[in-house]
Amino acid sequence: MDHLLAFLSLLSFVHFLAQCTVPASEFQLDGDYLIGGLFDIHHVSTSFYHNRPEAIDCSSQPFLLPNYRRFLLMRFSVEEINNSTNLLPNVSLGYEIFDHCSDTQNFPDILKQISANGLIQPWGEPYKNLSKVIAVIGPFTSTQALTVGPLFMVDFIPMVSYGSSSTIFSKKEKYPSFLRTVHPNKDTIKVIVNILQHFNWRWVAFLNSDNDFGIDGRELFMKMIEDTEICLAYTKNVNINTDYSEIFQQIEAQKIGVIIVFAPKTTAEAVIKSAIRLNITNKVWMADDGWSLNKKLPKEKGIKNIGTILGVSQPVVTIPGFSDFVFSAKSENHCENSQKQKFCNQVCNCSGLSPDDVIAADPSFSFPVYSAIYAIAHALHNTLQCEAGRCNGNITVYPHKVLAELKKSNFTLLNQSIKFDENGDPKFGSYSIVFWNDSGDADEIGFYQFYPLVNFFINITKIQWYTKGKVPTSLCSPECPVGYVKEQDGIHKCCFICEICPNGTYINSTEDPYKCIPCKETEWSAEGSTSCSLRVVEYIPFTDSGAILIMVGTWALVGLALAMSVLFAINYNTPVVRSAGGPMCFLILGCLSLSSLSVFFYFGTPTISFCILRSLPFILFYTVCLACFVVRSFQIVCIFKIAAKFPKLHSWWMKYHGQWLLITVAFVAQALLLVISYSYAPPKPYNETVWYPDKIVLGCDIHLKESSGSVVLLTALSSLCFIFSYMGKDLPKNYNEAKAITFCLLLLIFTWIIFATEYMFYRGKYILMLNALAVLSSLYSFLLWYFLPKCYIIIFQPHKNTQQYFQGLIQNYTKTISQ
């Protein structure tokens with residue numbers, strides 16, 4: 001029902017127009033082919049409500065001088081083309097222009113352009129009884145184009161807009177015959193974002209008009225800053241009736257230094273005038289191309305107090321001959337009889353304007369109008385197959401044919417190559433970046449070139465900042481010092497607190513200012529670093545002086561063990577050798593020598609085999625040594641104490657060779673434990689990176705849990721040995737094997753306590769040398785304090801190495817016990 005009422009309303013408009021007689025005026029020009037023009041010379045600022053459908057009297061609304069300038073530019077362009085001998089020869093262009101003063105209530109002029117004789121015949125033959133209008137220029141605003149555009153799209157009538165920049169017109173499925181010579185909003189927003197990034201402004205407000213143009217601009221801006229460091233701190237839809245007091249209070253409360261005003265001229269004027277009235281100061285204002293070249297605002301009283309105003313503008317292109325045309329057109333004085341021409345939207349009420357007023361008006365969108373007319377003319381030229389000074393008059397020109405040629409446009413106009421992309425958007429042109437100086441003029445300070453290559457430039461020296469030379473800042477939080485990471489504070493990424501990056505991490509502000517990046521295992525960094533450095537790799541080479549001394553000491557131990565073995569072999573049947581263990585002495589000395597092999601593998605670059613051999617020989621053969629001393633301690637106690645009290649135990653021990661049985665069990669048990677632990681978790685090279693941030697200490701990773709069985713066995717043997725040897729502490733003074741074993745064990749325990757303490761506080765490369773020393777000390781403790789005294793007696797006190805001497809000691813001890 002609503003659609004039916006709307007259609008009936010349109011028919012009533014058309015009926016009214018059919019009765020409307022309009023004499024020749026500056027709005028009309030006869031020609032072989034007509035171009036429609038939609039220019040809002042006046043602008044309806046309030047809504048009109050009628051009891052019946054009727055046309056709006058545009059001439060009673062506020063007059064827009066820049067739009068009238070564009071209106072005259074269309075007339076000039078058509079007449080220039082008609083005077084050309086190269087473009088459309090022997091064909092005359094005409095125009096029919098309407099004052100499109102309302103965004104939503106200007107259907108009469110649209111219907112008159114797309115119908116014949118002012119009447120619509122919806123059931124008529126296609127392409128019959130159509131008007132001579134082959135294309136339409138305009139309208140200016142996006143809302144106007146959205147309102148009337150569908151009426152032209154139905155019959156694929158080309159609609160070339162010089163000002164409608166909303167994104168939706170790039171969607172060809174909705175607007176197949178829409179083209180434009182003005183850059184879409186995404187290009188304007190792209191330039192604004194580039195300016196923000198150039199000056200490092202990240203905390204901004206975006207005030208947009210409450211219409212299709214402004215809302216589209218805001219959505220594009222929010223999308224375009226998603227992957228940047230710019231934050232939209234505040235945004236609001238505004239119009240000329242908005243109460244700006246609350247808006248500016250919130251902007252001031254959030255300490256926003258940059259305000260983008262994306263709105264038509266009238267709305268932008270209301271925003272700036274309100275800022276002046278409310279005494280808003282110290283701001284940077286950014287204007288879109290709709291009001292950046294405004295001639296009135298820069299001279300407004302108090303404009304200097306609000307801050308610095310920058311803008312993105314259409315480049316000012318001088319169109320040759322236009323000024324002469326304006327003087328000529330104004331002298332014709334078409335508007336004298338305006339009272340007889342009212343209604344029909346073809347009255348300008350502009351007789352009071354001087355040519356100087358028109359020429360001095362805002363030149364924005366002048367070249368888009370000029371290039372739009374020429375694009376249509378070139379399309380018609382190609383449709384009529386014009387060549388050799390004539391056009392083919394036998395060709396019927398349908399709007400869709402002109403549209404097809406328009407899409408293929410490729411011609412040069414005022415040194416610019418006019419082309420359209422697949423969406424009907426211009427593939428030519430650039431934007432100027434302007435600054436409003438103290439004289440009230442817009443100085444060009446830079447540019448953004450789109451084609452053929454993107455080029456962006458700003459001459460910052462031309463800008464007179466309100467800060468008296470220093471570029472203003474607009475940040476929610478000040479930048480973090482070098483080496484600090486941003487921790488977001490609130491919903492905006494621009495608001496943050498600064499935390500220093502700890503050791504072992506670094507900050508790459510260009511890659512991610514919100515994350516401390518861990519260094520690699522082979523790298524290190526101090527607190528607050530911006531990069532990592534390679535760690536120093538440390539280990540003890542075989543050529544190290546300390547390593548050489550320890551290895552020499554190891555060879556000395558092997559040499560001493562061999563020498564003692566020879567000495568014991570020569571004196572094998574003497575009491576000293578027999579009391580020291582007899583054949584067991586050779587086993588102990590051999591195991592001590594084999595245990596010393598571990599020492600050599602603490603030096604050099606660790607490998608799996610090195611890590612295994614660091615512990616395997618020592619643990620396995622030292623187990624045999626301890627087992628031997630356990631047996632030896634037990635035998636000493638058994639001879640002097642247990643034999644008399646427990647003769648059967650002594651008899652069993654002697655009968656079954658208990659000493660060798662115990663040694664064999666200890667060896668086999670330890671071997672099995674080592675095989676099991678190394679099967680599950682073998683020692684392997686390990687890089688110590690925790691204790692020293694700037695170093696990598698090469699070592700071996702020994703799994704204490706898996707190797708705990710071997711350690712427990714060693715501890716158990718040491719404990720038994722100590723118990724038995726301690727029981728023999730009161731044996732004869734000169735018969736001191738038990739005391740020697742006790743002393744060796746105490747020295748062994750003391751050595752490993754010292755090493756464990758050092759290991760708790762130090763993990764540098766020299767811990768390996770200390771470990772080797774602990775192993776070597778464990779071996780020397782038995783070699784020096786158990787075997788060396790025996791060698792001394794054999795060599796220097798042979799009188800004590802006799803059977804009579806030992807029997808005397810035993811008899812004296814036995815008498816002492818019996819008493």
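**Note on salt bridges and pockets**

1. In this predicted model, arginine 202 and glutamate 229 form a salt bridge through their side chains, with an N to O distance of 2.7 Å. Arginine 202 sits in the loop between helix 5 (185–198) and strand 7 (203–209), and glutamate 229 in the loop between helix 6 (212–224) and strand 8 (231–238), so the bridge ties together parts 27 residues apart in sequence.

2. Arginine 202 is buried because its relative accessibility, 12%, falls under 20%. Glutamate 229, at 33%, is partly exposed. Both residues belong to a salt-bridge network that also includes Glu479 and Lys486.

3. The structure holds eleven salt bridges. Another of them joins arginine 75 to glutamate 26, with the closest N and O atoms 3.1 Å apart. This pair links distant parts of the chain, 49 residues apart: arginine 75 is in helix 2, and glutamate 26 is in the loop between helix 1 (2–18) and strand 1 (28–29). Arginine 75 is buried at 3% relative accessibility, and glutamate 26 is buried at 4%.

4. The largest pocket encloses about 1400 Å³ of space. It is lined by 43 residues, and Ile702, Leu704, Trp752, Phe755 and Asn771 are the closest to its centre. Helix 20 gives the largest share of this lining, eight residues. By type, the lining comprises 29 nonpolar, ten polar and four charged residues.

5. The second largest pocket has a volume of about 920 Å³. Of its 39 lining residues, those nearest the centre are His43, Asp103, Asn211, Pro264 and Thr266. Its lining divides into eleven nonpolar, 20 polar and eight charged residues.

Methods: Residues numbered from 1 in each chain as written. Predicted model: local features only at pLDDT ≥ 70, side-chain atom pairs only at ≥ 80, totals over all residues. Heavy atoms only, no water. 1 Å grid on protein atoms, 1.4 Å probe; cavity = no way out; pocket = protein on both sides within 12 Å on 5 of 7 lines; lining within 4 Å. Points joined across faces, edges and corners; volume = space filled by probe spheres on them. Helix = DSSP H or I, 4+ residues; strand = E, 2+ residues; numbered from the N terminus. Nonpolar A, V, L, I, M, F, W, Y, C, P; charged D, E, K, R; others polar. Salt bridge = Lys/Arg side-chain N within 4 Å of Asp/Glu carboxyl O. Buried < 20%, exposed > 50% of the residue type's maximum accessible area, 1.4 Å probe, protein only.
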